[in-house]
Amino acid sequence: MGLFKHRLAVGFDAGRCYPSGVEIVDLPKDRLMVRPLARLEIEQRLLYEALVVAAAPSIKRVVSGSVYSNRWWARKQRFISPIGSWIKMQRAARRLHRRHPSRLLARTDISAFYEHVDVDFLVDDLKQLDIPEWVCNALEAFLVAFNGLSSAWGIPQGSDMSGMLANLYLTTFDAEIWRSGCQHFRYSDDTYIFGSDWTTIRQALVNVNRTLRHRHLNLSPSKTDICGSSDVLSRLEDQEKDAINYGLDVGAPGVVSEIRAIFDRAVAKDPVNTRDFKFSLTKLAKLNDAHAVSWIVGNFASVPHAAREALVYLNQFVESDASIKEAVVELITSTQLSIYPYAQQHLLIFMIRNAIRGRRLADVAWGILLNKNAETFVREMAARYLGLFGSIGESGRLKQEYQGEESHRVRRALLVACYESNQCGEKWLEVVATSDPALLTTAEYLQCKPSCIPRPAIERLPWR
């Protein structure tokens, strides 16, 4: 770790504060659509996030109190939990409605927001703050390179730190709503605007859209509407969920039935109501209630975009319900999820964490690894599975694939797989460390002979 930090510092001092080898991953928004997720190398991600953290206190001071996303907690030096912040925004909007029940509500968001952030405008915003010049220059160099050296543009999606830059970019948006005589609540680009009448809110939307166009953004026409005061509560997040959260806290009778009902309603819709599906699964998992197991086992392919949440839930019951492992085997060996690499990746993670092995599964993993057209992140997980659970006779094949692999990300996974299958001698690691700069850190780590390499997590990482 000391050598890693030293190389990172030396590289920064030498002006190497730009990303290279950015991989764009299609992260599912629903069963049909995806959004581009920027996957950075660990060194580049650390650098980017450290730079934004250095600017965080100054950004916090200029972001409106109406903004609930990506808020910086100065005392704890970290972000406030996004789930808690979203709930706070919903409650604040309902409180305002109760104080002013005659006001109308507009809901809107911004089309492809992160992808259309103009780096020049963003850098100008940063330079107006009390931020050290070296931080501004380094962030500018990073973002210019990010936009110029890959198929990505705007600011990197996938990092919480980008949310803080996004809030800074929308400070003029927040100010324009205030100037229009309206009150608003914003979480990232999802915005609620309250106004006294239809004309006032409509003019506010026209004004903010004009401001956004100056910054190369636009409100989403399909997600912008105005509702009357009598419909405000129904348009805000369902109050039933607040009641359920309270019921869970106090152990109220009947709360289990209410959560089950939300799940049943969610999966009865076509397509499945993803937000209610995830909400109910989280609560059922907290209660250790197996109500949803049979549906997920039989219908997993209909919610590939919610694969992580579904498998986190199933993981609680995998030891007591044999049908879960059987279903996972059938899913990974079938072709129905071949167009959903996100789901494939999480099935492989589930198999690794639960040591689900077998000849059929190894064959599938080899098929994914050898398919050079498959997404890199799925091939990496397949390599990891084979290093842990492939047959002894095939372990030498992993080293062979390493030597012919072009992607350094997959090579890294194969290097770890070779180590875990006892095909990684000290001399070979020395050769890798001296001949492949992209794998130097990994090779040095393996040279320390770790007894157990951390395995990918099924559950969400705890908020840090």
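The following legends describe close-up views of a predicted model.

**View 1. The four-stranded open sheet of the predicted model.** The sheet is open and holds four strands in the order 6-7-5-8, and the pairing between them is antiparallel. Strand 6 (183-187) and strand 8 (225-227) form the edges, where each has a single partner strand, so one side of each remains without a neighbour in the sheet. Averaged over the sheet and with direction ignored, neighbouring strands are turned by 20° against each other.

**View 2. The pairing of strand 5 with strand 7.** Strand 5, which covers residues 104-108, and strand 7, which covers residues 190-195, are joined in the antiparallel sense over five bridges. Thr-108 has Thr-191 of strand 7 as its bridge partner.

**View 3. Helices that pack on the sheet.** Helix 7 (residues 171-179) packs on the sheet through contacts with strand 6 and strand 7, and the direction of helix 7 makes about 160° with that of strand 6. Helix 8 (residues 198-214) lies across strand 5, strand 7 and strand 8, and runs at about 25° to strand 5.

**View 4. The second largest pocket and its lining.** The space in the second largest pocket amounts to about 600 Å³. Its lining consists of 19 residues, and those nearest the centre of the pocket are Leu-8, Arg-16, Ser-20, Glu-43 and Gln-44. Two or more lining residues come from each of helix 1 (2-13), helix 2 (42-62), helix 20 (408-420) and helix 22 (440-447), and helix 1 makes the greatest contribution, with five residues. Sorted by class, the lining of this pocket comprises eight nonpolar, six polar and five charged residues.

**View 5. The largest cavity and the residues around it.** Three cavities of 30 Å³ or more are found when the whole structure is searched, and the largest cavity has a volume of about 40 Å³. The residues that line the largest cavity are Ile-59, Lys-60, Val-63, Ser-69, Asn-70, Arg-71, Trp-72, Met-164 and Asn-167. At least two residues of this lining are supplied by helix 2, and at least two by helix 6 (160-169). The lining of the largest cavity divides into four nonpolar, three polar and two charged residues. Helix 2 thus appears in two of these views, as it gives residues to the lining of the second largest pocket and to that of the largest cavity.

How values were computed
Residues are numbered from 1 along each chain as its sequence is written. This is a predicted model: local features need pLDDT of at least 70, side-chain atom pairs count only at pLDDT 80 or more; totals for chains, interfaces and linings use all residues. Side-chain values use heavy atoms; hydrogens and water are left out. On a 1 Å grid over the protein atoms alone, a cavity is a set of points where a 1.4 Å probe fits but cannot get out, and a pocket is an open set with protein on both sides within 12 Å along at least five of seven lines; lining residues have an atom within 4 Å of a point. Grid points are joined across faces, edges and corners, and a volume is the space filled by probe spheres set on the points. Ala, Val, Leu, Ile, Met, Phe, Trp, Tyr, Cys and Pro count as nonpolar, Asp, Glu, Lys and Arg as charged, and the others, Gly among them, as polar. Two strands pair if DSSP finds at least two bridges between them. Axes are lines fitted to C-alpha atoms, for helices over the stretch in contact, and angles run from 0 to 180 degrees between N-to-C directions. Contact means heavy atoms within 4.5 Å.
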